[in-house]
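Student: I have a model open and would like to understand how its pockets are described, and on what grounds each term is used.

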Amino acid sequence: MLVDSQPDLTVVGEAGNGGEAVTAAADNAPDVVMMDIRMPNVDGIAGTIGILQDAAEAGRTPPRIIVLTTFDLDDAALRAIRAGASGFLLKDAEPEFLLAAIRAVHGGHAVVAPGAIADLLDHVDARPSPPPDLSSARDTALADLSQREREIFAAVAEGLSNAEIAEREFISEATVKSHVGRILAKLGLRDRVQVVLYAHDHGLLPRR
């Protein structure tokens, strides 16, 4: 009812579990999928993986996936993000935020429940111990990035917005957006949330 009440949004399908979600996504080709993490038989993580794999195998542009959870950042939500989801929201999110999130991920942005970036940094799993020489690790993991792109990468990994990065680096928001796009393309990442995970997995930021 909420989504269909918007003139620019339409519900094209529904599913009762992750397996049905894969089929529904293939049949209806949605732009955005709202995926509940906890569903019977096949959960939202398997559904997320299945939808993205099915789209890749069929040569279709995959939908952007937002996972829904009842907890700020449980392991399941984090695994879904690693599987390729564009972010997560709490089920009790305000209606206006939910609608804004749908539009944001459709526009290519990542969405994380308000105030959850700190939780994301604290709960990143399977992170290797940081190497003794962070500069060496950075040179290896970010070899294809220019010096300016490495600076922007670090700021994004800290959870800063484009506006905050622009203010800190004394450049325009448009320039920041351009840098972020090139960074994602060079590193093969989907969005800003994936940048945070990539930075932590490669030991590029000090432990919190």
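Tutor: Bear in mind that this model is predicted. The largest pocket has 32 lining residues, and those nearest its centre are V11, G13, V32, V33 and M34; its volume is about 980 Å³.

Student: What makes V11 a lining residue of the largest pocket?

Tutor: A lining residue has an atom within 4 Å of a pocket point. V11 is listed in the lining of the largest pocket, so V11 meets that cut-off.

Student: Which elements each supply at least two residues of this lining?

Tutor: They are α1 (18-28), β1 (32-36) and α4 (95-106), and β1 provides the largest share, with five residues.

Student: How is the lining of the largest pocket divided by class, and why is G13 not counted as nonpolar?

Tutor: The lining has 22 nonpolar, four polar and six charged residues. Gly is placed among the polar residues by the definition, and therefore G13 counts as polar.

Student: What lies nearest the centre of the second largest pocket?

Tutor: That pocket, with a volume of about 520 Å³, is lined by 22 residues, and H109, A110, L160, N162 and R192 lie nearest its centre. Two or more lining residues come from each of α4, β4 (111-112), α9 (173-187) and α10 (192-201), and α9 gives the most, with four residues.

Student: Why is R192 classed as charged?

Tutor: Arg belongs to the charged class, so R192 is charged. By class, the lining of the second largest pocket comprises twelve nonpolar, seven polar and three charged residues.

Methods: Residues are numbered from 1 along each chain as its sequence is written. This is a predicted model: local features need pLDDT of at least 70, side-chain atom pairs count only at pLDDT 80 or more; totals for chains, interfaces and linings use all residues. Side-chain values use heavy atoms; hydrogens and water are left out. On a 1 Å grid over the protein atoms alone, a cavity is a set of points where a 1.4 Å probe fits but cannot get out, and a pocket is an open set with protein on both sides within 12 Å along at least five of seven lines; lining residues have an atom within 4 Å of a point. Grid points are joined across faces, edges and corners, and a volume is the space filled by probe spheres set on the points.
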